[in-house]
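Good morning, and thank you for coming. Please look at the sequence and the model on the screen while I go through them.

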Amino acid sequence: MIYVDGVPFPYENSSSSFPSSSQGSSLLLDVMTHPVIISASDSFKNLEEQRVTESSTKDRYVYIFQREYAVVNPALVEFVGMDEATTCVGLVIRNRRSGVTSIAHMDSPKVVDLGIRQMLSLVLEDDSDAELDVHMVGGYEDVDLKKIANGSGDYAKPEGYSFPLCCKLVETLQKRRENFHIQTLFILGHNTKLDAQGNTCPIFNGFLVNTSSGDIVPASFNRSSRCPDELVRRIRVSASFDDPSWRGKLLDTYDTKTDRFIIAPCSWTMRLVEYVWELNRLPDEEILVNCSTSPSAEGPDFIDNERRIWKYLLKYPEWSKTFPKRQPRVFERTANGSWNSVF
């Protein structure tokens with residue numbers, strides 16, 4: 001169940017008395033226009049974006065990539081964060097009592113149900129009646145929300161990617177038995193601006209959460225701070241679509257109790273390698289169109305990141321070279337906060 005400002009939502013007089021076919025969209029639009037949510041979005045928008053580099057912080061933090069999730073203990077980790085979200089949404093669920101914080105980089109409605117279940121497994125450990133704070137950041141307005149609100153849009157097949165993902169997230173939280181207190185909903189119209197060419201794009205692409213206080217700030221990370229094992233973790237995003245063991249799930253990446261990255265294995269097919277070989281021959285502008293859900297909103301390093309991924313796959317076409325005997329890749333935190341490969 002969703003709460004806003006400490007009160008169950010929707011209210012009896014809310015416009016969210018709607019047929020089940022439009023339940024997610026109406027509920028989402030109602031929550032987004034709540035005065036408390038609007039005020040929180042305005043406050044978040046006015047925060048300065050924190051730029052994270054590996055050398056800029058001495059704090060212990062955990063970073064997640066697309067389709068990954070992590071659950072962190074505030075006794076071991078000060079901060080947890082993500083970025084690079086355009087049509088994706090970063091979801092945070094934090095246990096008010098213990099401070100245990102779960103974060104996920106959601107990229108599709110198809111991973112929401114199982115993904116939230118994965119996120120909650122340790123957040124609710126020995127505390128099934130916990131009050132949970134929720135933050136969502138990302139997913140800019142790539143669909144006409146006024147058209148949806150007026151009933152002229154098709155919720156089953158809306159334009160864009162952000163809107164159906166946000167609908168599914170809010171709808172799933174509402175249907176679950178746990179108490180979710182929405183604190184930040186910086187998504188869609190709240191997170192949209194125009195670029196110099198008049199295209200809509202996100203105001204912020206990421207955030208950082210203080211696990212002790214629960215405070216959240218906009219953030220971006222440079223390549224050195226997106227660690228450990230950046231390239232392999234990026235590759236798993238594409239490979240997981242063809243690996244049946246990850247269907248409908250978020251990718252396991254971090255072990256909460258040992259403060260280690262245990263990057264679960266994922267296999268890829270020669271079909272993916274052949275596809276990559278074709279993509280690598282394309283000019284930059286065609287790569288954007290073919291590989292992004294938001295070509296006009298991607299960051300300046302998007303194409304370079306894609307080519308680095310493809311270079312790795314062409315060099316190591318057999319997934320077993322990366323995950324021998326389908327064993328995970330394990331990294332331990334060093335005394336200075338960096339990561340060392342264990343095996």
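I begin with one residue, Arg233, which counts as buried because its relative accessibility is 0%. Buried means under 20% relative accessible area, exposed means over 50%, and partly exposed is in between, with a 1.4 Å probe and protein chains only.

Before going on, I should say what we are looking at. This is a predicted model, in which local features need pLDDT of at least 70, side-chain atom pairs count only at pLDDT 80 or more, and totals for chains, interfaces and linings use all residues. Residues are numbered from 1 along each chain as its sequence is written, and side-chain values use heavy atoms, with hydrogens and water left out.

Where does Arg233 lie? Arg233 is in helix H6. Helices are DSSP runs of H or I with at least four residues, strands are runs of E with at least two, and both are numbered from the N terminus. Helix H6 spans residues 230–239, and 8 of its 10 residues are buried, so H6 is largely enclosed by the rest of the structure. Among those buried residues are Glu230, Arg234 and Arg236.

Which residues surround Arg233? Leaving aside residues up to four places away in sequence, Arg233 touches Tyr63, Ile64, Phe65, Glu68, Cys227, Pro228, Thr253, Phe261 and Ile263. A contact here means heavy atoms within 4.5 Å. Ile263 is 30 residues from Arg233 in sequence, yet their C-alpha atoms are 7.7 Å apart in space.

Two of these neighbours, Phe261 and Ile263, take us to strand S16, residues 260–263. The side chains of S16 alternate: Phe261 and Ile263 point to one face and are buried, whereas Arg260 and Ile262 point to the other and are not. S16 pairs with strand S17, residues 329–333, in the antiparallel sense over 4 bridges. Two strands are said to pair if DSSP finds at least two bridges between them. The partner of Phe261 in S17 is Phe331.

Another two neighbours of Arg233 are Cys227 and Pro228. A cis peptide bond joins Cys227 and Pro228, with omega about 0 degrees. Pro228 sits in the loop between strand S14 (216–221) and H6. A cis bond also runs from Phe9 to Pro10, with omega near 5 degrees, and Pro10 is in the loop between strand S2 (7–9) and helix H1 (23–32).

The backbone has further features to point out. Arg67 is not a glycine, but its phi is positive, about 70 degrees. Arg67 lies in the loop between strand S4 (61–63) and strand S5 (68–72), and is buried, with a relative accessible area of 5%. Leu188, also a residue other than glycine, has a positive phi near 50 degrees. Leu188 belongs to strand S10, residues 179–188, and counts as buried at 0% relative accessibility.

Finally, let us consider the whole chain. The protein chain has 9 helices and 18 strands. How many of the 343 residues are buried, as a percentage? Buried residues make up 51%. Of the contacts between residues at least 6 apart in sequence, 70% join residues at least 24 apart. The C-alpha atoms fill a box of roughly 60 × 45 × 40 Å along the principal axes.

Thank you for your attention.
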